[in-house]
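Subject: Handover of a structure with a bound ligand

Dear colleague,

Please find the structure for your review below. My notes on the ligand site and on two backbone features follow.

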Amino acid sequence: MSHAAAAKPATARKSSALSGTARVPGDKSISHRSFMFGGLASGETRITGLLVGEDVMRTGTAMKAMGAHIEKRGTEWVIRGTGNGALLQPEGPLDFGNAGTGSRLTMGLVGTYDMETTFIGDASLSGRPMGRVLEPLRQMGVQVLKATPGDRMPITLRGPKHAAPITYRVPMASAQVKSAVLLAGLNTPGITTVIEPVMTRDHTEKMLRGFGANLSVETDERGVRHIFIEGQGKLTGQTIAVPGDPSSAGFPLVAALIVPGSDITIENVLMNPTRTGLLLTLQEMGGQIDILNPRNAGGEDVADLRVRYSELKGVTVPPERAPSMIDEYPVLAVAASFAEGETLMQGLEELRVKESDRLAAVANGLKLNGVDCTEGEASLAVRGKPGGKGLGSNDRNAAVQTHLDHRIAMSFLVMGLATEKPVTIDDAAMIATSFPEFMGLMTGLGAEIG
Ligand code: S3P
């Protein structure tokens with residue numbers, strides 16, 4: 001699937017105060033896992049609040065190709081799963097489009113099956129490293145029948161007759177790698193162990209337990225997590241209400257902080273502590289964000305966020321916070337562009353292997369729009385201009401290159417709402433992968449984007 005042919009440039013302009021109440025779509029990580037675990041479990045799974053974005057729909061299509069029944073009834077998705085261990089060999093390649101989470105988790109899920117599965121994706125996904133998932137799968141006995149050099153897609157896997165349980169220490173902070181190994185463990189006899197030195201989002205652990213998996217976590221005295229999963233147990237369908245995605249909420253949130261006079265409320269945002277690094281950082285920068293009505297919904301913390309325009313100050317973001325805000329650095333860099341002084345972000349090595357090299361894409365986009373910043377190997381320093389004076393560009397041909405990356409696209413459109421001159425991006429098409437309602441939601445709050 002090529003998005004390049006359908007590139008849709010977009011421009012954001014200095015806007016007057018944003019106001020109103022909005023709900024962002026369902027969390028992407030939880031939505032992918034809802035389709036996967038529902039498609040695998042015995043019986044019926046019912047999901048409300050699912051993110052109906054291209055990435056998640058790819059996961060749904062893949063699960064259907066392997067025997068799950070998925071149907072939309074009104075606002076609810078109803079799934080009848082195959083039962084653990086009973087996925088079927090798909091007839092053709094599984095096309096994951098732009099979706100790293102969908103493809104990497106599914107490689108874990110089906111890799112240990114005694115069948116052949118081929119994974120393909122768009123230009124962005126085909127350039128991303130898959131060795132991080134293939135390495136533990138190989139240890140479990142999975143054969144990589146085909147792969148593009150550097151363990152890139154297209155990739156064909158063939159599982160063993162009986163997979164071997166392993167103990168795997170995740171070498172980088174990655175919830176996708178952790179999850180892929182745990183999911184491979186679901187179809188493996190015995191106990192598969194994942195050692196996670198740096199905690200990442202824990203949706204796989206929480207949700208698998210909810211579906212009835214025998215999964216336990218022990219944290220040692222150094223804070224290292226040991227996650228144990230017993231294979232070949234029964235999973236049973238669940239009812240899931242997906243909370244709003246904190247990564248998507250980051251866009252209207254930063255917009256309200258940088259557009260003078262703004263006062264908005266974003267309802268029903270997931271507040272899982274492995275996902276709230278951006279909130280904490282923006283509060284440290286002086287952002288007025290009130291956490292209203294905190295509550296628990298379906299095992300997850302959620303809250304409403306009231307956000308008001310704020311005079312931000314630069315801060316140093318500690319590297320150990322990176323896993324809890326890994327997808328939010330592009331939009332944090334935008335907030336930093338309007339802050340007094342320097343914001344220093346460190347520990348960003350994983351940003352280089354996202355939907356694009358996000359570190360380079362952000363630094364180039366900032367420079368193109370007049371922001372003073374320094375890109376390091378794994379760091380970014382941004383020196384802000386309060387009020388956005390002189391920032392942006394009147395040259396529509398000088399569009400920010402988004403490199404098929406939804407978060408780069410949305411971040412720079414947010415930036416243009418507060419810069420003196422407009423900000424243009426080369427392509428808004430990829431926004432549909434995670435936040436199809438973005439344009440409507442933002443213009444509904446008063447943003448000038450077109
Ligand atoms: C995700 C994990 C993160 C994140 C991605 C979603 C997940 O990726 O960037 O958007 O749902 O497990 P990594 O595991 O590569 O850090």
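Domain bounds are taken from an automatic or database domain assignment. On that basis, domain 1 (10-26 + 243-449) and domain 2 (28-241) each supply at least three residues to the shell around the ligand.

This is a predicted model, in which local features need pLDDT of at least 70 and side-chain atom pairs count only at pLDDT 80 or more, while totals for chains, interfaces and linings use all residues. Residues are numbered from 1 along each chain as its sequence is written, and side-chain values use heavy atoms, with hydrogens and water left out.

Ligand site

The residues around the ligand (those with a heavy atom within 4 Å of it) include Ser29, Arg33, Arg201, Asp327 and Lys354. By class, the shell holds three nonpolar, four polar and four charged residues; here Ala, Val, Leu, Ile, Met, Phe, Trp, Tyr, Cys and Pro count as nonpolar, Asp, Glu, Lys and Arg as charged, and the others, Gly among them, as polar.

Polar contacts are pairs of N or O atoms within 3.5 Å. Ser29 places a polar side-chain atom 2.7 Å from a ligand oxygen, and Lys354 likewise has a polar side-chain atom 2.7 Å from an oxygen atom of the ligand. From Ala175, a polar backbone atom lies 3.0 Å from a ligand oxygen. The ligand taken alone exposes 390 Å², of which the protein buries 95% (accessible areas by the Shrake-Rupley method with a 1.4 Å probe). Two or more shell residues come from each of α1 (28-40) and α6 (175-186), where helices (H or I, at least four residues) and strands (E, at least two) are DSSP runs, numbered from the N terminus.

Backbone features

The peptide bond between Met153 and Pro154 is cis, with omega near -5°; Pro154 belongs to strand β9 (residues 152-158). Gln232, a residue other than glycine, has a positive phi near 65°, and is placed in the loop between β13 (225-230) and β14 (239-241).

Kind regards

Key: A polar contact is a pair of N or O atoms within 3.5 Å; within protein, one must be able to donate a hydrogen and the other to accept it, and residues adjacent in sequence count only if both atoms are side-chain atoms.
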